[in-house]
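User: Hi! Could you walk me through this model?

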Amino acid sequence: IAIVGDDFSRQGKGTALVIQKITEVFMNDFSNDIDLTLICPNGKCLSSICSRAKIVEFKRRFSTALSYFILFIWNREQYDIVLFNRRIYPGFWFLNSKAFILIVHDSPTNNQYSFAMPVSAKLFDYFIRFIGKYFLDAMIVGSEDARQEVIKYYHADRLHVISIYYGVDDLFRVLNKIEKEEAAIRLEDRYGITIPYILYVSR
C-alpha cells in the first residue's frame, strides 16, 4: 500500500489525524501482512510514523502538483493500493497500482453548509469532480449521510462511494468517579464551564 500526501508533516488534526491513525493501525496490527510506503515531498514526513515506514520523497519543483505529476510518471514501483487523503493530483493514474482510493471525508458544500474555498482547494475539487473520479476505484467517506452528499456533489458512481465509520482513539474512554471530579474542576478553572454541559464538535 502506498499513501500519498503531506499529512505526516503537521500535527494530526481533522483529516490529517484520520490518515495518521490509519497508518498507525496498518503498521501496528498488520505489519506482517502489509508493505507500507509513504509518498511525499522532501522534508514533509515529520511524524514518528515516518521512521517506521518506507518513504519515497521527491524535490518540489515549481509547484507541488507538477512535482507529483513527474513522480507519478517516473515511479516504477508496483502497488496493490494507492491511498490518497483529501486530494488527488493529476497523473496519479500513471502509478503502477491495482487500485486507487481517495478518502474524501465529505462534500465541501451541501444544503446545510457552504464555505468559501481558497483557489487551490477549488482547483483540487474541480479536478476530482470532472476528471479524477473516473480513475478512482473507491471514494471513502465517514458516514452514510456524507456518502449521499458525495454522490450528489461529485456525481459519483454509487457503487464506488463507500462509508466506513471513523474509529475512536484509545484516549477517549469512560472516566472513573475521581477522574470525572478532577476533570470538572479543570474545566471550571480553565473555561468557566460547570457541569452539566453539552459539547457539540462540528463544522
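Analyst: Happy to; we can start with a helix and then turn to some loops. This is a predicted model, where local features need pLDDT of at least 70, side-chain atom pairs count only at pLDDT 80 or more, and totals for chains, interfaces and linings use all residues. Residues are numbered from 1 along each chain as its sequence is written, and side-chain values use heavy atoms, with hydrogens and water left out.

User: Cool. Which residues of helix H2 are buried?

Analyst: In H2 (residues 64–74), they are Ser67, Tyr68, Leu71 and Phe72. Buried means under 20% relative accessible area, exposed over 50%, and partly exposed in between (1.4 Å probe, protein chains only). Helices (H or I, at least four residues) and strands (E, at least two) are DSSP runs, numbered from the N terminus.

User: And what do the buried residues of H2 pack against?

Analyst: Their partners are strands S1 (2–4), S2 (37–41), S3 (54–58) and S4 (78–85), with contact meaning heavy atoms within 4.5 Å.

User: New topic: what is the phi of Arg86?

Analyst: Arg86 has a positive phi of about 75 degrees, although it is not a glycine. Arg86 sits in the loop between S4 and strand S5 (96–105) and is partly exposed, at 26% relative accessible area.

User: How about His155, buried or exposed?

Analyst: His155 is exposed, with a relative accessible area of 60%. Its phi is positive too, about 50 degrees, and it is not a glycine.

User: Last one: which residues does a cis peptide bond join?

Analyst: Ile195 and Pro196, with omega about 0 degrees. Pro196 is in the segment after H5.
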